[in-house]
Amino acid sequence: MHLVTLVASERRNGNCDLLGRYAERYASTSDVKSELIYLKDFEIKQCQGCMRCVLNNEKCKIEDDIYTFIDVIQNGDALLLLAPTYVLTVPGTLKMVMDRFLCIYEKVKDKPLRPGISIGVCSPIDWNQFQLPLMNLFLLSLGYRVINSYFVYGAGQGEVLLENGVETIENSIKNLVEYRPKPYASQIAKYCPIDFCTLFERVEGDKFRCPVCLAPAVLKGDGFYFEAKDLNHHRWTKENIHDHFVNWILKTKPRYKTMLKEIFKKKRELCL
Ligand SMILES: Cc1cc2nc3c(=O)[nH]c(=O)nc-3n(C[C@H](O)[C@H](O)[C@H](O)COP(=O)(O)O)c2cc1C
């Protein structure tokens, strides 16, 4: 197995950096080809929203490292993602990659589903509600199945080594090595089994849904009931993403054209 470990913190000798280096060493003691990469080593610029990548099927014109980055990630059979928590959620650099989803899609759409694990480093407790859902959104949008997702705690550089950091890395690598694809089963859980999100959108009564993957969740005791058929057809499956591209994104162009006259009229009225 070829494991790629991605560190999404800029802090040298920081917690993600140290855990990444430990993962690299731990993986190499088993039969794993291991590659440690740092997001900061790639220049990723902001999406400009031109839509040419998807509507005209063109390569993105932005001169940066997005395609190189995706190629490096795609080289692996599994991805271990390490990211610090900033203001309850992921660092902006991860979001910058996610924002390029439309131009990345061509590169990831035909790749087999691979396992991924996210580890969010945070401190203190309870200031991290968006961290794992967003880290896992990153994994799902790049075509990974999230097989586990953890928090490790630590503020200063190296603190995670005194907490559950080392054990979490070892467990994660074992999980990734031992992973064999199987469909999701119906289950009761306190978090969404697709993306480990603990935040739910209320639909009505005791019916909720996961905002990341849209899996329906019915309140049961102190958890939620998830049906296998829903879990196996969540928003980020290859079929549903293909459908979203073909039946929504691509259709926005002709639909927009029919509205152009009206938009120009409105702009004139508003002197815009
Ligand atoms: C700008 C900034 C904002 C932060 N916000 C949070 C936060 O909202 N929740 C949290 O749990 N930790 C927060 N932290 C703490 C970091 O997540 C923590 O120090 C972590 O260990 C950093 O990982 P690193 O050493 O790999 O960079 C913040 C740190 C910084 C620098």
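Five strands of the predicted model form an open sheet in the order β6-β10-β9-β8-β7. The pairing in this sheet is antiparallel. Its edge strands are β6 (187-189) and β7 (201-204), and each of them pairs on one side only. Neighbouring strands are turned against each other by 40° on average, direction ignored.

Within this sheet, β6 pairs with strand β10 (residues 223-226). The two run in the antiparallel sense, and three bridges link them. Ile 188 faces Tyr 225 of β10 across this pairing. Strand β10 also pairs with strand β9 (residues 216-220). Here too the strands run antiparallel, joined by three bridges. Lys 220 has Gly 223 in β10 as its bridge partner. The strands β9 and β10 form a hairpin, with two residues between them. Gly 221 lies in the turn and has a positive phi of about 60°.

A second open sheet of five strands has the order β2-β1-β3-β4-β5. Its pairing is parallel. The edge positions are held by β2 (33-38) and β5 (144-153). Each has a single partner strand, so one side of each is left without a neighbour in the sheet. Neighbouring strands of this parallel sheet are turned by 15° against each other on average, again with direction ignored.

Strand β3 (residues 78-84) pairs with strand β4 (residues 114-122) in the parallel sense. Six bridges make up this pairing. Leu 82 has Ile 119 in β4 as its bridge partner. Strand β3 is also joined to strand β1 (residues 2-7), through five bridges. These two strands run parallel. In β3, Leu 81 is the bridge partner of Leu 6.

How many residues of β3 are buried? Seven of the seven are, so β3 is largely enclosed by the rest of the structure. The side chains divide between two directions. Ala 78, Leu 80, Leu 82 and Pro 84 point one way from β3. Leu 79, Leu 81 and Ala 83 point the other way. Both sets are buried. Leu 82, the bridge partner of Ile 119, thus belongs to the set with Ala 78, Leu 80 and Pro 84. Leu 81, the bridge partner of Leu 6, points the other way, with Leu 79 and Ala 83.

Helix α6 (residues 131-141) lies across β3, β4 and β5. The helix runs at about 150° to β4.

Helix packing was examined next. Two packed helices are described by the angle between their axes and the distance between the axes. The axes of helix α1 (residues 15-29) and helix α7 (residues 165-178) come within 10 Å. They cross at roughly 45°. That angle makes α1 oblique to α7. The crossing of α1 past α7 is right-handed. On the α1 side, the contact is made by Asn 15, Leu 19, Tyr 22, Ala 23, Tyr 26 and Ala 27. On the α7 side, Gly 165, Val 166, Ile 169, Glu 170 and Ile 173 take part.

One further site lies in helix α3 (residues 66-74), where Thr 68 is placed. Is Thr 68 buried or partly exposed? With 13 C-beta neighbours inside 10 Å, Thr 68 counts as partly exposed. A residue is buried only if 20 or more other C-beta atoms lie within 10 Å of its own, and exposed if 12 or fewer do. The C-alpha atoms of Thr 68 and Glu 43 are separated by 9.8 Å. These two residues are 25 residues apart along the chain.

At the level of the whole protein chain, there are ten helices and ten strands. Buried residues make up 33% of the 272 residues. The C-alpha atoms fill a box of roughly 65 × 50 × 35 Å, taken along the principal axes. The radius of gyration is 20 Å. A compact globule with 272 residues would have a value near 19 Å, so the two agree. Contacts were also sorted by sequence separation. Among those between residues at least 6 apart in sequence, 68% join residues at least 24 apart.

Notes: Residues numbered from 1 in each chain as written. Predicted model: local features only at pLDDT ≥ 70, side-chain atom pairs only at ≥ 80, totals over all residues. Helix = DSSP H or I, 4+ residues; strand = E, 2+ residues; numbered from the N terminus. Pairing = 2+ DSSP bridges. Axes fitted to C-alpha atoms, helices over the stretch in contact; angles between N-to-C directions. Rg over C-alpha atoms; globule rule 2.2 N^0.38 Å. Contact = placed C-beta atoms within 7 Å. Parallel < 35°, antiparallel > 145°, perpendicular 65-115°, else oblique. Left-handed = near helix turned anticlockwise from the far one by under 90°.
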